[in-house]
Amino acid sequence: GGGSREHWFAHSSVGNVRFVRRLLVFVSVVVFVDAMLFGALAPLVPGYAEEFGLSKTGAGLLVGSFGAGALLGGIPGGLAAARRGPKIAVVVGLALLAASSFAFAAADGPWTLGLARFAQGASSTTTWAGALAWLTVATPRERRGELIGTAFGAAVFGAILGPMFGAIAHAVSVTGSFAVVGGVAALLAAWAATRPPPPPETQAPGAVSRAFHDPGFLGGLWLNTLPAWLFGTLVVLVPLQLDQGGFAPFAIGAVFLVAGLAETVVNPVLGGLSDRKGRLLPIRWALGASVVVAIAFAGLRGPYAVSALAVVAAISFGAFYTPGMALVSDRAEAAGLSQALGFGIMNTAWALGNMSGPALAGTIADAAGDTVPYLLAAALCLLTLLATGTVRPASARRVADDSGSTR
């Protein structure tokens, strides 16, 4: 597989620098729109809770419906990208995103909203698996990390703007705003359908079994599940706390905007630190900080204190994603697993946390108050921190050498 791919880069007209740049722009736009749509619900939660009489359990189920759809679509999306090609997966995912956005715009009750968010989640994992795999297999190996990092930065930026988009939609028109998103997704799907497909990706026999017997691969999956759980808890409880404190949807969106900007600024620093010192150091730092932050959430109730802590939480909780994605990609390559299926499995791991975090947080908060879900989050971070003590640190160079050993 590797030789034919390099031959493709050398002789195909679409394997040149201009094509790669255009593909990077396209993938970045796709993940930006997807991440923005995911984050748009946060400032809308209090309004939906009031309009439809939702308890915290109901609000948690609404927030978690996106993760439920992503959980269902994660592995099938990865398999589709691996078997049919990343291009087909991207086109199908964007078409489903367009349809589900139109459905969300027209929804008039909690069940229709939840079903629309479920479909958005399923479209998200299919699109992400296809887009990241397309970029990976269409990129020379020596530039892969740089370009994936750029695309992920676009996703973080989309997540930053998502809450503000939701706040603006609340002020202007939820129906009109999400209909516009649906139209953009449809245009992106049409554009993707006209692009030349990347070269086929091969997968070694027994790759899935090898990957799931690899502690590094499993650790990377957990580092996508845990922050999704933590952020899912925040997206349910923090907007409701701020709403009770008198914050309007626009102010709630502003809090999440600042939190996302802080995460964006800090993540490149943590990435550089992991390159120089190994991935375990920033992971352990983030876990230790997250234990403290979650415990602090359990004891705070004032809206301004909760707002400030949400910014700190975005930094500590968000620090897991970059090393987690890198571990999954590295170890998938070492096991001979296709990047498309590796990303699909990773999306499923993320979806598991995104679905269970808000649903359980809302249910537990209804039964026992907000303190207990935060203490549960702290306990998960502490257990993970203790588990890292059994891992032998690896330098970035040794990981890269190991991941390329099967090529």
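Student: How many salt bridges does a search of the whole structure find?

Tutor: This is a predicted model, and a search of the whole structure finds one salt bridge. In that salt bridge Arg331 is joined to Asp214, with 2.7 Å between the closest N and O atoms.

Student: Which parts of the chain does that pair link?

Tutor: The pair links distant parts of the chain, since Arg331 belongs to helix 14 (residues 321–335) and Asp214 to the loop between helix 9 (207–212) and helix 10 (215–244), the two being 117 residues apart.

Student: And are Arg331 and Asp214 buried or exposed?

Tutor: Both Arg331 and Asp214 are buried. As general background, side chains of opposite charge can pair when their charged atoms come close.

Student: Switching to rings, how many aromatic pairs does the structure hold?

Tutor: There are eight aromatic pairs in the structure. One of them joins Phe26 and Trp191, whose ring centres are 4.7 Å apart and whose planes meet at 35°, so the pair is tilted.

Student: Why is that pair said to tie together separate parts of the sequence?

Tutor: Because Phe26 lies in helix 2 (residues 17–39) and Trp191 in helix 8, the pair ties together parts that are 165 residues apart in sequence. As for their surroundings, Phe26 counts as buried at 5% relative accessibility, whereas Trp191, at 33%, counts as partly exposed.

Student: What about Phe165 and Phe178, how are those planes set?

Tutor: Phe165 and Phe178 form an edge-to-face aromatic pair, with 70° between the planes and 5.6 Å from centre to centre. Phe165 lies in helix 7 and Phe178 in helix 8, so this pair ties together parts that are 13 residues apart in sequence. Phe165 has 16% relative accessibility and therefore counts as buried, and Phe178, at 1%, counts as buried too.

Student: Which residues do ring pairs link into a cluster?

Tutor: Phe104, Phe165 and Phe178 are linked into a cluster by ring pairs.

Student: OK, empty space next: how many cavities of 30 Å³ or more are there?

Tutor: The structure holds four cavities of that size, and the largest cavity contains about 830 Å³ of space. It is lined by 36 residues, and the closest of these to its centre are Phe38, Ala159, Phe231, Tyr321 and Trp350.

Student: Now the outside, which residues make the nonpolar surface patch of about 320 Å²?

Tutor: That patch is made by Ile168, Val172 and Phe250. Of these, Val172 sits in the loop between helix 7 (144–171) and helix 8 (174–193), and because its relative accessibility is 66%, above the 50% cut-off, Val172 counts as exposed.

Student: Where is Tyr304 found, and what lies across from that residue in space?

Tutor: Tyr304 is found in helix 13 (residues 303–318), and at 67% relative accessibility this residue counts as exposed. Between Tyr304 and Val255 the C-alpha to C-alpha separation is 9.7 Å, although the two are 49 residues apart in sequence.

Student: Last one: where is Gly369, and how exposed is it?

Tutor: Gly369 is in the loop between helix 15 (339–368) and helix 16 (371–388). With 24% relative accessibility, Gly369 counts as partly exposed, and its C-alpha atom is separated by 9.5 Å from that of Ala298, a residue 71 residues apart from Gly369 along the chain.

Terms used. Residues are numbered from 1 along each chain as its sequence is written. This is a predicted model: local features need pLDDT of at least 70, side-chain atom pairs count only at pLDDT 80 or more; totals for chains, interfaces and linings use all residues. Side-chain values use heavy atoms; hydrogens and water are left out. Patches are made of residues with over 30% relative accessible area and no salt bridge: like charges are joined within 9 Å, nonpolar side chains (Val, Leu, Ile, Met, Phe, Trp, Tyr) within 5 Å. Accessible areas come from the Shrake-Rupley method with a 1.4 Å probe; for residues, only the protein chains shown count as cover. A salt bridge is a side-chain nitrogen of Lys or Arg within 4 Å of a carboxyl oxygen of Asp or Glu. Helices (H or I, at least four residues) and strands (E, at least two) are DSSP runs, numbered from the N terminus. Buried means under 20% relative accessible area, exposed over 50%, partly exposed in between (1.4 Å probe, protein chains only). Rings of Phe, Tyr and Trp (its six-membered ring) pair if their centres lie within 6.5 Å; planes under 30 degrees apart count as stacked, over 60 as edge-to-face and the rest as tilted. On a 1 Å grid over the protein atoms alone, a cavity is a set of points where a 1.4 Å probe fits but cannot get out, and a pocket is an open set with protein on both sides within 12 Å along at least five of seven lines; lining residues have an atom within 4 Å of a point. Grid points are joined across faces, edges and corners, and a volume is the space filled by probe spheres set on the points.
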